[in-house]
Amino acid sequence: MLATYQKVSEDFWGNPSSLHALGNKADGLLQASRQQIADLMQVQPEEIYFTSGGTEGDNWVIKGTAIAKRQFGKHLITTAIEHPAVKNSMAQLEQLGFDVTYLPVNRQGMIDPADLKAALRSDTILVSIMGVNNEIGSIQPLAEAAQILADYPNVHFHVDAVQSIGKGLMDLLKLPRIDFLSFSAHKFHGPRGMGFLYAKKGRQLAPLLTGGGQEHDWRSGTENLPAIAGMAKALRLVLADESAKVARQQAIKTKIYNHLQEKPKVTIFSGNDAHFAPHILCFGIAGVRGETVVHAFEAHDIYISTTSACSSKTGEISGTLAAMHVPDKVATSAVRISLDENNTLAEADTFIKAFDQIYQRFEIINS
């Protein structure tokens with residue numbers, strides 16, 4: 001990916017919107033990258049729009065739907081465990097007079113499709129549900145939600161799919177009832193600050209960025225061609241031999257999960273079955289704040305996070321765990337392991353060894 005980024009930066013420095021030969025050359029690569037992503041996603045190239053990442057994609061769909069469909073209604077539905085990009089966008093719309101329903105989740109961090117069905121109204125214009133929760137890895141029942149929404153063809157259905165790509169979930173993401181999917185390149189080893197949005201042909205969506213008319217006049221701004229080409233290559237690489245990569249991540253997660261289960265002072269917030277993604281494992285050590293555990297592992301050159309990396313520096317309690325009714329004292333202990341296809345079982349052994357040392361130290365301190 002990095003080699004692609006560098007080569008494009010050096011050899012394709014024309015503006016894709018320019019009419020001269022250099023611009024045409026750049027535009028050719030831009031459209032080839034769009035076509036490659038569309039082919040990998042099994043959609044049409046005109047349904048792929050380039051963004052700066054998942055946050056922009058989420059904001060765009062939610063606010064763009066609100067603007068485009070406000071004459072049909074002002075009711076939106078989401079869940080209580082969404083990424084801040086969704087939750088804060090919804091909150092902003094509430095300040096502008098829109099009505100938002102937040103679906104509750106159970107102890108496993110999953111919504112009940114019956115709650116979605118009950119929440120739908122004649123003035124509902126959007127349902128936004130994340131595919132995989134970024135903090136505990138719970139997989140939402142998208143197929144059941146899509147079946148319910150089949151009876152509401154005019155309601156936009158958006159899925160924040162940032163944590164879903166390359167995790168064996170393509171069948172869910174290809175549900176025909178889904179209208180919008182937002183992705184972030186850095187989640188599959190693409191350039192940071194890059195992403196793409198799938199927008200089903202024929203759906204209404206107002207642009208948030210207006211200007212020169214790029215991206216079919218839906219998302220103006222000069223395209224970041226090196227990052228776009230790098231993202232297309234990264235997507236191709238992460239989806240190659242996907243099933244084998246997913247199985248390897250699941251094996252690593254299972255090994256660590258089983259070890260953590262043996263510790264009486266450990267609470268595991270993530271499940272380890274088909275309802276949870278293979279790459280996320282969230283747990284906590286009783287009486288030890290999450291940030292303390294993060295720094296303890298850092299001393300072993302092992303880097304984990306306190307739930308959502310986007311909000312880890314704020315010191316706030318995990319919104320997902322709060323929605324799951326986890327007590328605050330327990331929720332503040334939460335940390336998250338994030339795996340990818342490059343991790344190994346040997347690294348799991350290294351993690352377990354470091355964990356045992358850290359666990360024993362805190363056990364002595366807290367005794």
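The following conversation walks through selected residues and one helix pair of a predicted model.

Biologist: Is serine 184 buried or exposed in this predicted model?

Modeller: Serine 184 lies in strand S6, which covers residues 180–184. Residues under 20% relative accessible area count as buried, and serine 184 has a relative accessible area of 6%, so serine 184 is buried.

Biologist: With which side chain does the side chain of serine 184 make a polar contact?

Modeller: Setting aside residues up to four places away in sequence, serine 184 touches Gly53, Gly54, Val162, Met194 and Gly195. The polar contact of its side chain, at 2.9 Å, is made with the side chain of histidine 186.

Biologist: Moving along the chain, where does histidine 189 lie, and what is its phi?

Modeller: Histidine 189 lies in the loop between S6 and strand S7 (195–199), and with a relative accessible area of 34% histidine 189 is partly exposed. Most residues other than glycine have a negative phi. Histidine 189 is not a glycine, and yet its phi is positive, at about 70 degrees.

Biologist: Is aspartate 301 buried or exposed?

Modeller: Aspartate 301 also has a positive phi, of about 60 degrees, although it is not a glycine, and aspartate 301 lies in the loop between helix H11 (290–298) and helix H12 (319–323). Because a relative accessibility over 50% counts as exposed, the 60% of aspartate 301 makes this residue exposed.

Biologist: Which residue of helix H3 does leucine 197 contact, and what is the relative accessible area of leucine 197?

Modeller: Leucine 197 is placed in strand S7, and its contacts beyond four places in sequence include Tyr49, Thr51, Leu181, Leu205 and Trp60. Of these, tryptophan 60 is found in helix H3, residues 54–69. Leucine 197 is buried, with a relative accessible area of 0%.

Biologist: How many residues apart along the chain are leucine 197 and glutamate 56?

Modeller: In space, the C-alpha atoms of leucine 197 and glutamate 56 are separated by 9.2 Å. Along the chain, the separation of leucine 197 and glutamate 56 is 141 residues.

Biologist: Which backbone oxygen lies 3.0 Å from a polar atom of the side chain of tryptophan 60?

Modeller: Tryptophan 60 is buried, at 1% relative accessibility, and, leaving out residues up to four places away in sequence, tryptophan 60 touches several residues, among them Leu205, Ala206, Pro207, Leu208, Trp218 and Arg219. Tryptophan 60 and leucine 209 are 149 residues apart in sequence, while their C-alpha atoms are 9.0 Å apart in space. The backbone oxygen in question is that of alanine 206.

Biologist: Are helices H2 and H9 roughly parallel or roughly antiparallel?

Modeller: Helix H2 (residues 21–41) and helix H9 (residues 225–239) pack with their axes 9 Å apart and at an angle of about 25 degrees. Because angles under 35 degrees count as roughly parallel, H2 and H9 are roughly parallel.

Biologist: How many nonpolar residues are there in the contact of H2 with H9, and is the crossing left-handed or right-handed?

Modeller: From H2 the meeting residues include Ala26, Leu29, Leu30 and Ile37, and from H9 they include Leu225, Ile228, Ala229 and Leu235. The residues of the contact of H2 with H9 comprise two charged, two polar and 13 nonpolar. The crossing of H2 and H9 is left-handed.

Methods: Residues are numbered from 1 along each chain as its sequence is written. This is a predicted model: local features need pLDDT of at least 70, side-chain atom pairs count only at pLDDT 80 or more; totals for chains, interfaces and linings use all residues. Side-chain values use heavy atoms; hydrogens and water are left out. Helices (H or I, at least four residues) and strands (E, at least two) are DSSP runs, numbered from the N terminus. Buried means under 20% relative accessible area, exposed over 50%, partly exposed in between (1.4 Å probe, protein chains only). A polar contact is a pair of N or O atoms within 3.5 Å; within protein, one must be able to donate a hydrogen and the other to accept it, and residues adjacent in sequence count only if both atoms are side-chain atoms. Contact means heavy atoms within 4.5 Å. Axes are lines fitted to C-alpha atoms, for helices over the stretch in contact, and angles run from 0 to 180 degrees between N-to-C directions. Angles under 35 degrees count as roughly parallel, over 145 as roughly antiparallel, 65 to 115 as roughly perpendicular and the rest as oblique. A crossing is left-handed if the near helix is turned anticlockwise from the far one by less than a right angle, and right-handed if clockwise. Ala, Val, Leu, Ile, Met, Phe, Trp, Tyr, Cys and Pro count as nonpolar, Asp, Glu, Lys and Arg as charged, and the others, Gly among them, as polar.
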